[in-house]
Amino acid sequence: MKLIECYNLETAYIASLNRPILNGINFHINQGEFVVLLGLNGAGKSTLLRSLLGLVPLVSGEIYVHGVQITPQTLRKVRRDIGMLFQGGGLIQQLSAIENVLCGRLGVRTTGQTLFGFPERDRILALELLEQLGLKEQIYQKTSRLSGGQQQRVAIARALIQSPQILLADEPTTGLDVVASQQVMQTLAQLNSEQGLTIITVLHDLGIAAEYAQRAIVLDAGRIVYDGKCNNLQAQFAQGFKLVETYKEYEE
Ligand SMILES: Nc1ncnc2c1ncn2[C@@H]1O[C@H](COP(=O)(O)OP(=O)(O)O)[C@@H](O)[C@H]1O
Ligand SMILES: [Mg+2]
């Protein structure tokens, strides 16, 4: 079943880039897929992820989530289905792990419901998620005291507390050591295989991509230059680089 459909996504022309950031993007993602988004710096990966949350103004194109087109009217509803791990985590460092996870519920709770603390079942869910992600000992610790890998797992718990069907992640392993990177990727892989969570993640490491994802989408200068299986990515990427070189030669 098609969970996400994108047709001809195009953003505004940017003079300094001499092109739009997204330049005619077409793809769809089926329920339960684990997709990695690759490409050089500036290719448009973060912009594409953010567009799926309705955070990027488009000059043309349509995005459907669960068959519902993203419009100002449907945005709130669509966003409830999508959890996002922003680049760098985006946690509030002064708060404890569990408080950060509970922040993931602010979008669906009214001020009145959280004024005197979060409802009991939100707190129970947050505790369960942190335990499930191997952070039982860190539940009440201040986020700034946690390691990079632990912080990334807190960010995953915060995204999961709204029970999304789709998880978007922007470079979730950047800045982490090898062990922490593998833990984060294993967590994502488990959520995908055991809970059927559909995952789209930007990665910069081809090895990790091939190890965990079934499908790769490679962006170059705002266009998709590869969409297919993860095997042989190295060779596909060599072709991608060739494309970039040709493009540069053409410009000069
Ligand atoms: N609002 C903006 N105005 C001008 N340039 C932008 C803006 N936002 C992003 N860019 C540029 O667009 C390109 C694509 O950005 P991004 O989606 O972050 O790429 P990636 O995540 O693949 O590195 C980058 O060169 C970035 O500097
Ligand atoms: Mg980026």
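Visitor: What makes a residue of this protein chain count as buried, and what share is buried?
Guide: A residue is buried if 20 or more other C-beta atoms, placed from the backbone, lie within 10 Å of its own. By that cut-off, buried residues make up 37% of the 252 residues. This is a predicted model, in which local features need pLDDT of at least 70 and side-chain atom pairs pLDDT 80 or more, while totals for chains, interfaces and linings use all residues. Residues are numbered from 1 along each chain as its sequence is written, with chains lettered from A and ligands numbered from 1 in the order written.

Visitor: Why is the protein chain called as compact as a globular protein of that length?
Guide: The globule rule is 2.2 Å times the number of residues to the power 0.38, and the radius of gyration is taken over C-alpha atoms. The rule gives 18 Å for 252 residues and the chain has 19 Å, which is close, so the chain is as compact as a globular protein of that length.

Visitor: What makes a residue part of the shell around ligand 1, and which residues are there?
Guide: The C-beta atom, placed from the backbone, must lie within 6 Å of the molecule. Among the residues around ligand 1 are I14, N41, G42, G44, K45 and T47.

Visitor: How do you know that β1 and β4 pair?
Guide: Pairing needs at least two bridges found by DSSP between two strands (E runs of at least two residues, numbered from the N terminus). Six bridges join β1 (residues 2-10) to β4, and the two run antiparallel. One of the bridges links L9 to I25 in β4.

Definitions and conventions
Buried ≥ 20, exposed ≤ 12 C-beta atoms within 10 Å, placed from the backbone. Helix = DSSP H or I, 4+ residues; strand = E, 2+ residues; numbered from the N terminus.
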